[in-house]
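Student: Please pick one part of this model and take me through it closely. I'd like to see how it is put together and then how the rest of the protein sits around that.

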Amino acid sequence: MNRTDRLYALVEELRAVSPRPRSARWLAVRFEVSSRTIERDIGALQQAGVPIWAESGRTGGYVLDRAHTLPPVNLTAAEAVAMAVALHRLAGSPFAGPGATALRKLLAVLPAADAAEAHRLAGRVHLIGDGPATPVPATVAHAVAARRVLRLRYADRTGVDSLRDVEPLGYLGNSHHWYLVAWCRLRDEARCFRTDRIREVEALPQVVVRELRLADLDIPHERLRALSLV
């Protein structure tokens with residue numbers, strides 16, 4: 001059994017017995033490799049975002065959280081590569097990291113032959129550039145998801161810094177920049193902050209209760225396209 005097949009089989013073995021643990025020694029015997037190899041494989045799966053943790057004790061071992069994993073899926077090679085190409089456009093966005101984790105989870109549960117074909121097809125695709133040029137700071141991305149008030153040190157178009165508390169409401173993005181849409185408490189209005197001009201950012205304990213309304217944005221509504229998951 002090659003490593004790709006073994007990683008897939010490890011996930012399925014742990015899923016089948018969850019929430020009971022499997023020790024590294026038991027898995028080593030099952031897959032006819034050393035315990036050290038199993039530990040390296042588990043480490044690779046954890047880095048890929050598969051929710052596996054170790055339970056200590058005489059009856060401990062590795063446990064998979066079934067509620068946060070996927071069963072085997074039947075993506076075609078072209079579908080898997082299409083997701084990878086889409087991720088290229090997420091570069092710098094607040095969803096680049098979670099998107100990459102999601103793709104790794106899907107690849108981890110693909111049948112080995114399908115995963116190998118997807119890798120072969122991906123090797124025939126080449127991209128130019130890295131997507132949008134302005135990254136979204138991780139603290140900003142986390143605060144928008146968690147609905148936390150932010151304190152920004154922000155540079156205006158002339159380079160002058162100002163400190164302000166804002167209530168993050170969402171994002172606007174185009175091919176050049178990402179903007180944080182937030183309610184500026186200093187001006188008591190919705191503002192768009194270009195993420196590459198955010199010099200410093202601090203998450204505050206206050207929770208955001210305000211919702212984003214298109215009426216608060218001084219942008220023609222016909223130019224906006226809401227993201228859809230369907």
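Tutor: What follows is a close look at one sheet, with a short setting first and another region at the end.

This is a predicted model, so to speak with filters on: local features need pLDDT of at least 70, side-chain atom pairs count only at pLDDT 80 or more, and totals for chains, interfaces and linings use all residues. Residues are numbered from 1 along each chain as its sequence is written, and side-chain values use heavy atoms, with hydrogens and water left out.

The protein has 7 helices and 7 strands (DSSP runs numbered from the N terminus, helices being H or I of at least four residues and strands E of at least two). From the N terminus, they run α-α-α-β-β-α-α-α-α-β-β-β-β-β.

Now the sheet. It is open, with 5 antiparallel strands in the order E6-E5-E4-E3-E7; strands count as paired if DSSP finds at least two bridges between them. At the edges are E6 (189-194) and E7 (198-207), each pairing on one side only. From one strand to the next, the twist averages 45° (axes are lines fitted to C-alpha atoms, for helices over the stretch in contact, and angles run from 0 to 180 degrees between N-to-C directions).

Let's walk in from the E6 edge. E6 pairs antiparallel with E5 (178-184) over 6 bridges, and Tyr-179 sits opposite Arg-194 of E6. E5 also pairs with E4, again antiparallel, this time through 7 bridges; Pro-168 has Ala-182 in E5 as its bridge partner. E4 is then joined to E3 by 6 bridges in the antiparallel sense, with Ala-155 partnered by Asp-161 in E4. E3 and E4 make a hairpin with 5 residues between them, and Gly-159 in its turn has a positive phi of about 90°.

What lies across all this? Helix H7 (138-146) does: E3 (148-155), E4 (161-173), E5 and E7 are the strands it lies across, and H7 runs at about 65° to E4.

For the other region, go to the largest nonpolar core (buried Ala, Val, Leu, Ile, Met, Phe, Trp, Tyr and Cys residues joined through side-chain atoms within 4.5 Å). Among its 18 residues, Leu-14, Leu-27, Ile-38, Leu-45, Val-50, Ile-52 and Tyr-62 touch the most other members. H1 (3-17), H2 (24-31), H3 (35-47) and E2 (61-64) each supply at least two residues, with H1 giving the most, 5 residues. A separate core of 16 residues includes Val-144, Val-166, Leu-180 and Ala-182, so Ala-182 turns up here as well as in the pairing with Pro-168.

Back in that largest core's neighbourhood, the axes of H1 and H3 come within 10 Å and cross at roughly 80°. That makes H1 roughly perpendicular to H3 (65 to 115 degrees; under 35 is roughly parallel, over 145 roughly antiparallel, the rest oblique). E1 (52-55) and E2 are antiparallel too, joined by 4 bridges, and Ile-52 stands opposite Leu-64 in E2. Their hairpin has 5 residues between the strands, and Gly-57 takes a positive phi near 105° there.

Overall, 36% of the 230 residues count as buried (under 20% relative accessible area with a 1.4 Å probe, protein chains only; exposed is over 50%, partly exposed in between).

Definitions and conventions
Contact means heavy atoms within 4.5 Å.
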